[in-house]
Amino acid sequence: MTRRIDILLAVSCTLCGWMTTLPPARAQTPAPGTSFRDCSTDCPEMVVVKQGRFTMGAPAGEEARANLPNQLRGHSVPQHLITIRHKLAIAKFDVTRDEYAQFVAETNRPDPDSCLTVSAAADFIATNANWHSPGFPQTGRDPVVCVSWDDAQAYVAWLSAKTGHVYRLPTEAEWEYAARAGTTAARYGSDNPAELCRYTNVGDLDYFEQHPGDSDSTVNRACRDGYAFTSPVGSFPPNQFGLSDMLGDVMDWTEDCWNVNYRGAPTDGTAWQSGDCGRHLMRGGSWDASLSVVRAAYRRGVPTFYRVTTFGFRVA
């Protein structure tokens, strides 16, 4: 996956006729662990995340143990303490095809055929794929793919107007805090390759059989997760915060601009809004990802206009 992402790297939203009567504000913030929706099935299910501290970034030796290529190391350092003091809720699942379809139907958002997809040789190739036709079968409960950072920004603007509450992408720090969920290992489920398929959808034997040209030595051939492409959200156990698919299935866009490492990064959980803002952070690994990528600390800066069949998002 890291090799292929390297190949890739060589919003406004007018609130108009689709803005409806806003619901009343929530009387108080629900307790941590509580789930809620701000509208019926059109809105993502949210989970209240407790405030707290965590150490962000990769500890010494983790990238080497994960066999991350040398040229990709050093982006997740130095480790630094983050304190999340603000009230926060994060979507239990990635935004699904059905949820995204409602957004498209209400806003008439253009649907360009500009999505890159993974070939049998595991190279990203330009096709006429798009979010509703990515080149492989999906259900309405699968995570939407082929969405850019710009698309995700338009979605959260629409959702904010629809509900009367402030929706956005998670910051990079919020995302990692939510993904770790109090754990300090590389992955919240298990670091044993043979057990990983119980916890997430990654590049495994099912994936490899559909992509036999993938020569990445860190593709997980120790088990099967049951999916060669995306899996319906919630197909695997949630993490300790009650959030599903924080690792694997699709990579998540976050709010922050790309910076090559954490020197000078905010420590309060807010978005880093300086640096290369033509790129934003992707986190979490995906259905084709190698073990070197499927880690809570892994981060990658991607141009905001890219649409890829491994890219999705969740909201905060």
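Q: Is Asp-98 buried or exposed, or somewhere in between?
A: Asp-98 is partly exposed, with a relative accessible area of 49%, where buried means under 20%, exposed over 50% and partly exposed in between, using a 1.4 Å probe and protein chains only. This is a predicted model, in which local features need pLDDT of at least 70 and side-chain atom pairs count only at pLDDT 80 or more, while totals for chains, interfaces and linings use all residues. Residues are numbered from 1 along each chain as its sequence is written, and side-chain values use heavy atoms, leaving out hydrogens and water.

Q: Which helix is Asp-98 found in?
A: Asp-98 is found in helix 3, helices being DSSP runs of H or I with at least four residues, numbered from the N terminus.

Q: And which residues of helix 3 are buried?
A: In helix 3, which spans residues 97-107, the buried ones are Arg-97, Glu-99, Tyr-100, Phe-103, Val-104 and Thr-107. They lie on the same side of helix 3, because they cover an arc of only 165 degrees around the axis, the arc being that of the directions from the helix axis to the C-beta atoms.

Q: What covers them?
A: The cover over the buried residues of helix 3 includes helix 4, where contact means heavy atoms within 4.5 Å.

Q: OK, what does Tyr-100 touch?
A: Leaving aside residues up to four places away in sequence, Tyr-100 touches Val-95, Arg-109, Trp-131, Val-144, Val-147, Asp-151, Tyr-155 and Phe-313.

Q: Back to Asp-98, how far apart are its C-alpha atom and that of Pro-143?
A: The two C-alpha atoms are separated by 8.8 Å, although Asp-98 and Pro-143 are 45 residues apart along the chain.

Conventions. Helix = DSSP H or I, 4+ residues; strand = E, 2+ residues; numbered from the N terminus.
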